[in-house]
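Me: Could you walk me through this model and say what stands behind each term?
Reply: Happy to, one term at a time.
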Amino acid sequence: MDVLLTIFVDPFLDMFSDPVFFMEVVVTGLLTGVMYSLVALGFVLIFKASGVFNFAQGAMVLFAALTLVGLMERGVPVWVALIITAGVMTILAVLIERLVLRPLVNQPDIILFMATIGITFFLEGFGETVWGSDIHPLDVGIPAESFDFAGMLLNEFDVYAAIIGAVMVATLAIFFQKTAIGRALRAVADDHQAALSVGIPLKTIWIVVWSVAGFVGLVAGIMWGSKSGVQFSLSLIALKALPVLILGGFTSIPGAIVGGLIIGVGEKIAEIYWGPLVGGAIENWFAFMLALVFLLFRPQGLFGEKIIERV
Amino acid sequence: MLYREAGQFKSNYASDQAIFPIAQDRWFMAVALLVAFVVIPTVFDEYMLQAVMIPFLIFALATIGLNLLLGYCGQLSLGTGGFMAVGGYSAYKFAIAFPEMNMIVVFALSGLCAAFVGIMFGVPSLRIKGFYLAVATLAAQFFLQWLFNKVAWFYNYNSSGTITAPPREMFGYMITGPEATAEVRYILTLSIVVVMALVAKNLVRGHIGRSWMAIRDMDIAAEIIGIRPMQTKLSAFAISSFYCGVAGALMVFTWLGSVETEAFSINESFQVLFMVIIGGLGSILGSFLGAAFITSVPILLTNLPQAFGLEMAIDLQKHFEVMIFGSLIIFFLIVEPLGFARLWQITKEKLRLWPFPY
Amino acid sequence: MTDTATAETTTLDTRRIGDTLLKIDDISLSFGGVKAITGVSLEIREHEICAIIGPNGAGKTSMLNVVNGFYHPQQGTITFKGEVRSQMKPHLAAAGGIARTFQNVALFRGMSTLDNIMTGRNLRMKSNFLMQALHIGPARKEELEHRHFVEGIIDFLEIEAIRKIPVGRLPYGLQKRVELGRALAAEPDLLLLDEPMAGMNVEEKEDMCRFILDVNDEFGTTIALIEHDMGVVMDISDHVVVLDHGEKIADGTPDVVRADQNVIDAYLGVAHD
């Protein structure tokens with residue numbers, strides 16, 4: 001009986017007894033959620049446009065951040081470093097298209113997925129060989145003062161992250177819906193052969209998509225890196241993006257945001273209020289278990305599309 | 001000339017369906033088993049057995065497990081480490097709780113525990129296709145690793161959080177614990193792995209294996225001819241988890257002796273995945289080849305530069321290792337998705353015709 | 001068959017064709033807004049060869065998918081062997097004796113011809129897991145028995161030479177034959193063939209026709225086939241159903257259907273001089 005109370009009643013009592021703290025937890029969770037969404041966006045982009053589930057998104061985040069930090073540490077000014085890194089990510093996209101995507105163009109999805117796992121490992125190893133595996137602090141000039149808001153202790157940085165996240169989502173949504181390239185991307189995601197047959201240049205599209213995903217990864221890398229330093233564990237964050245996608249739907253940009261927010265908040269609340277009961281570190285797996293539960297009831301996610309099979 | 005099958009006619013279906021229908025293959029297998037059971041333990045020293053052969057066997061077993069699920073049934077799992085952990089920790093608990101229990105029974109029970117956990121995670125996620133199972137198995141991986149770390153009951157409340165295999169003996173030999181020699185542990189592991197590999201081979205050539213492959217190749221058609229997708233996938237998952245569980249138990253008892261949850265991290269899951277891909281999806285032999293390859297690369301990387309008079313820092317080695325694995329995965333997926341096993345097959349086919357080109 | 005004593009043909013026919021095996025009642029099927037089938041009813045009697053014809057997109061394959069239980073109709077019932085269901089489940093269809101080939105050759109590419117056909121025997125393989133694992137006793141016996149049966153089918157379809165070849169490597173015509181073999185391995189009471197002769201040359205078509213007729217003759221298997229080749233349809237079928245835009249526009253013997261004005265307008269066209 002006691003145990004049941006401790007699990008099902010006490011945490012809620014805690015929440016109500018200190019509502020300001022609870023709000024702080026929620027807001028922190030939301031802001032972490034935005035960061036997850038940034039990473040998930042990259043996934044959605046690539047999946048929407050090429051049907052490939054890019055496990056390497058996290059490694060791309062890490063690689064972009066490592067390159068940026070590496071350049072800055074060698075004295076390159078911020079803006080130049082940003083431009084160079086963006087260029088590097090584009091070159092990376094070209095290489096990936098040429099060396100991995102093109103040879104595997106008609107293979108089943110699972111093969112492509114495993115290839116992206118290969119890319120992940122390669123990028124991680126390569127990045128660390130070139131730039132070293134220490135933790136690199138990153139400062140691109142985003143203000144990071146703490147401030148008080150309605151009794152809650154928040155940080156300017158997180159607010160900036162939220163704004164940047166919102167801007168990215170809006171830009172990408174418009175890009176996909178309103179531009180010609182966006183339309184072409186959606187055509188490619190639907191059916192490679194059909195897209196080819198109406199003259200859509202598959203190669204170019206893929207390079208565009210992977211570059212854009214690379215930029216998104218760079219932004220995500222900057223945000224995460226500024227917050228906790230650029231290090232190997234960044235790529236593990238990408239794993240967290242997978243539950244975000246399950247919640248939001250693999251093909252939905254708004255879904256990536258909503259999913260990220262839910263995961264961010266859920267994780268934080270679980271960790272703060274239930275964590276102490278079991279020794280902490282619930283954050284390691286909460287997101288995944290939540291995704292598992294979602295799989296039971298709504299596998300296509302909140303905003304995803306149901307696929308009709310044809311025989 | 002050596003490898004011709006000419007003259008080897010099968011007069012009944014049984015001999016046609018044997019695991020090694022060609023006589024030369026049977027000889028080869030017999031010799032290989034002889035070498036494995038007799039030559040290696042006598043010739044190899046303690047280090048080679050402990051650091052190379054035993055881990056190779058254990059990972060080969062885990063690779064067979066993952067291969068059954070991924071290579072034969074087409075379902076991707078990233079939770080191999082987690083299921084090995086279930087095997088390791090449940091074997092520990094059984095061995096401690098029932099000191100008189102035969103170790104083989106302990107291993108079998110630990111496998112069953114892993115299979116049970118596999119089913120629990122499989123049921124919600126096998127109803128849908130694609131990468132969802134990958135995410136569900138990631139959930140299993142992280143959750144299980146956390147569970148064995150945080151819940152002190154699993155490691156008998158000892159302060160260091162590690163579990164240590166209690167000394168046990170079989171047929172008069174110490175098989176676990178500090179007294180057990182590397183030779184004895186090697187023979188035990190070898191025997192278990194050989195038997196389980198044989199069982200796996202039998203499963204894949206029977207109707208269970210065929211239904212797995214049918215689901216892998218075209219699950220809609222499979223369902224229409226009466227194969228039940230859910231049950232088939234679940235059986236693959238359960239059996240695969242069983243194998244991984246036993247591998248985990250062996251890891252604790254016959255290889256490392258003492259283990260903490262880090263040994264069953266997501267890195268192990270990826271390692272085994274690499275072994276499956278490089279060795280060959282859908283091949284039992286490939287599982288051995290892949291495991292052999294991946295377990296030997298770190299050793300090569302440690303020793304090779306020294307042979308050339310160069311020194312490579314440890315962490316640089318690790319980075320190189322990771323890069324090499326990543327590139328190899330991509331290379332094999334592009335060039336030969338059926339991995340080393342297929343290359344081996346092609347070699348055999350060429351041997352059949354040798355010295356003729358075709 | 002047509003110009004010998006009519007009395008003999010009639011007796012042959014009536015002896016062959018039995019009662020209703022499959023009855024489709026007022027089935028409607030739609031996907032989102034797309035109506036694939038609207039209010040179609042038809043009856044297939046035991047031992048007959050029934051052809052389902054019509055222009056592309058008429059709903060023929062969808063109809064077969066409904067019978068298999070792969071698509072679930074929004075309305076209507078399916079009665080098979082007397083059991084009425086509002087929707088079929090795939091494994092119930094298979095267990096009940098319905099087998100199928102597909103328009104796009106749904107073979108298991110990773111397996112050999114022999115293994116593919118052996119999967120057709122799956123429902124009859126009952127040996128449990130442990131026996132399988134050790135490959136002894138009942139499991140071994142069962143495997144050999146089924147192998148024997150499948151070899152019979154391989155002989156029948158004349159594909160001995162390719163039994164160990166992975167089906168992905170076979171030419172299209174042979175793949176279709178292997179697929180027929182897999183369907184036959186299940187010893188079905190009702191065989192659904194979706195364009196079994198698509199993409200074949202004259203010789204291959206003749207072979208396939210021969211196989212279909214032999215199956216119907218020797219084993220009494222009821223056959224429903226979707227086919228575009230009118231020569232084949234008119235030649236071998238006892239009963240023809242015509243679908244157009246998801247609706248049934250004709251149903252009867254080949255001669256009746258051939259002369260039906262609706263069918264001519266929608267599908268057959270008129271011969272020009």
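Reply: Let's begin with contact: two residues are in contact if their C-beta atoms, placed from the backbone, lie within 7 Å. This is a predicted model, where local features need pLDDT of at least 70, side-chain atom pairs count only at pLDDT 80 or more, and totals for chains, interfaces and linings use all residues. Residues are numbered from 1 along each chain as its sequence is written, while chains are lettered from A and ligands numbered from 1 in the order in which they are written.

Me: How many residues does the contact take from chain C and from chain B?
Reply: Chain C supplies 32 residues and chain B supplies 25. On the side of chain C that touches chain B, H6(C) gives the most, with 5 residues. H6(C) is called a helix because helices are DSSP runs of H or I with at least four residues, numbered from the N terminus (strands are runs of E, at least two).

Me: What makes residues on that side of chain C nonpolar, polar or charged?
Reply: Ala, Val, Leu, Ile, Met, Phe, Trp, Tyr, Cys and Pro count as nonpolar, Asp, Glu, Lys and Arg as charged, and the others, Gly among them, as polar. The side of chain C that touches chain B thus divides into 18 nonpolar, 9 polar and 5 charged residues.

Me: Why are E2(B) and E3(B) called paired?
Reply: Two strands pair if DSSP finds at least two bridges between them. E2 (residues 168–170) and E3 (residues 173–176) of chain B have 3 bridges, so they pair, in the antiparallel sense. Arg168(B) has Thr176(B) as its bridge partner in E3(B).
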